[in-house]
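Here are my notes for someone opening this entry for the first time. Have a look at the chain below, then read through the points in order.

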Amino acid sequence: MDNNQNTLARIQEITTKCRSAVIVIPPNPSIDAIASSTSLYLALNKLGKTVSIACSQKVQSDLTASDKIQSIIGAGGDSLMVSFPYTDGAIDKVDYNIQGESFNLVVTPRPGFQKLNPNQVKFSYTGGLVDVIFVIDSPTLNSLGTIYTENQNQFNGKDIINIDRHLTNAYYGTVNYVNKTISSISELILSILQTLGIEIDRDIATNLYAGSAASTNNFTSYSTNAETFEHIATLLRLGAVKKTFKKPVSTMTSQPMSFQPSINSQPQVINSMPGRNVEAPKSMPIESIEKEVATEKPQTSQE
């Protein structure tokens with residue numbers, strides 16, 4: 001068994017044993033990174049795992065399951081989180097009251113700002129324990145931005161599966177599935193899903209096809225080779241739909257507002273938090289010379 005097969009076997013072992021996982025991608029993610037993370041998310045759900053996708057920035061994409069990308073690290077949990085779009089200064093106050101058997105959360109907009117659209121309110125659970133962290137398209141953990149720098153304690157003691165193709169990858173994971181000559185990370189994810197024996201449906205196949213196509217500039221980049229087309233042929237046989245996907249839009253975002261009061265507490269008021277929306281810089285193709293420097297010391301691999 002070669003090193004590549006050993007790595008895949010180790011990923012299979014960790015994934016089979018884990019109950020919950022989080023998939024983390026860097027800020028301003030490429031289509032390939034989003035396609036890889038969402039495909040892995042859909043696949044792990046098929047295995048019955050509790051799984052989430054995290055990114056330091058809010059991401060808008062038309063890839064399947066891209067709406068699952070959130071700005072917190074967590075998989076499940078018991079704490080209900082209420083999230084909604086926020087513009088700097090738009091909220092005057094947030095308070096609550098209890099009427100009979102109903103708990104009411106009241107969000108008051110600041111004069112001059114639009115009221116909250118109920119259709120934009122999302123509910124999720126946070127605070128859950130994470131067994132394994134999949135890090136995609138990041139040469140170092142610091143490349144993940146604030147999702148790592150502000151939550152380093154949540155990475156400690158966890159199995160970290162590092163999936164990447166950057167020339168500067170620091171091999172920081174418990175398992176490092178790094179191929180610096182492959183044409184897309186989507187191809188690496190395809191190999192993982194095949195090893196796990198997960199059924200690859202049309203949505204997963206379409207996402208992975210989109211990731212490979214975007215990463216190779218529609219299969220014209222110098223990194224495209226026979227192996228690339230073998231992977232693409234597999235995806236087409238599995239029902240991948242060839243269509244154009246929009247370039248993802250990333251904006252700076254603060255942590256989603258969460259509200260977890262005690263029933264016995266008195267009514268409270270939460271002041272509005274400063275925040276801002278900033279257009280993220282455009283991503284650079286991985287084929288260009290990589291200028292990022294590995295700023296952290298690689299951890300000892302346990303493969």
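1. Let's start with R10. This residue is partly exposed, with a relative accessible area of 22%. Remember as you read that you are looking at a predicted model.

2. What does the side chain of R10 meet in a salt bridge? The partner is E13, and the N to O distance is 3.2 Å. E13 is partly exposed too, at a relative accessible area of 35%. The two sit 3 residues apart in helix 1 (residues 3-17), so about one helical turn separates them. As a general point, side chains of opposite charge can pair when their charged atoms come close.

3. E13 has a further partner. Its side chain also meets that of K17 in a salt bridge, this time at 3.3 Å, N to O. K17 and E13 are about one helical turn from each other because they are 4 residues apart in helix 1. K17 is exposed, with a relative accessible area of 64%.

4. Now for a pair elsewhere. D201 and K46 form a salt bridge in which the closest N and O atoms are 3.2 Å apart. This pair ties together distant parts of the chain: D201 lies in the loop between helix 4 (185-196) and helix 5, K46 lies in helix 2 (residues 31-46), and 155 residues separate them. Both ends are partly exposed, D201 at 24% relative accessibility and K46 with a relative accessible area of 40%. Back in helix 1, salt bridges with shared partners join R10, E13 and K17 into one network. The full count of salt bridges comes to 3.

5. Next, helix 4. Is this helix mostly enclosed or open? It is largely enclosed by the rest of the structure, because 10 of its 12 residues are buried. The buried ones are I185, S186, E187, L188, I189, L190, S191, I192, L193 and L196. From its first C-alpha to its last, helix 4 reaches 17 Å, close to the 16 Å expected at 1.5 Å a residue. Just after the helix, G197 takes a positive phi of about 70°.

6. S212 is worth clicking on. You'll find it in helix 5 (residues 202-215), and it is buried, with a relative accessible area of just 1%. What does S212 touch, once its neighbours within four places in sequence are left aside? The contacts are D32, S184, S186, E187, F219 and I232. Two of these, S186 and E187, are also among the buried residues of helix 4. If you want one more distance to check, the C-alpha atoms of S212 and F229 are separated by 9.8 Å, with the two residues 17 apart along the chain.

7. On cysteines: how many disulfides does a search of the whole structure find? The answer is 0. Two cysteines to look at are C18 and C55. C18 is buried, with a relative accessible area of 7%, and C55 is buried as well, at 0%.

8. For the surface, try the patch made by I98, F103 and L105. It is nonpolar and covers about 230 Å². L105 belongs to strand 7 (residues 102-109). With 32% relative accessibility, L105 counts as partly exposed.

9. Finally, the chain as a whole. The secondary structure of the protein chain comes to 6 helices and 13 strands. Of its 303 residues, 46% count as buried. The chain exposes about 15900 Å², and carbon and sulfur atoms supply 49% of that area. Among contacts between residues at least 6 apart in sequence, 75% join residues at least 24 apart. The D201 and K46 pair, at 155 residues apart, is a good place to see such distant parts of the chain linked.

Conventions. Residues numbered from 1 in each chain as written. Predicted model: local features only at pLDDT ≥ 70, side-chain atom pairs only at ≥ 80, totals over all residues. Heavy atoms only, no water. Buried < 20%, exposed > 50% of the residue type's maximum accessible area, 1.4 Å probe, protein only. Contact = heavy atoms within 4.5 Å. Areas by Shrake-Rupley, 256 points an atom, 1.4 Å probe, with all protein chains shown as cover. Disulfide = S-S within 2.5 Å. Salt bridge = Lys/Arg side-chain N within 4 Å of Asp/Glu carboxyl O. Expected span 1.5 Å × (residues − 1). Patch = residues over 30% accessible without salt bridge, like charges linked within 9 Å, V, L, I, M, F, W, Y side chains within 5 Å.
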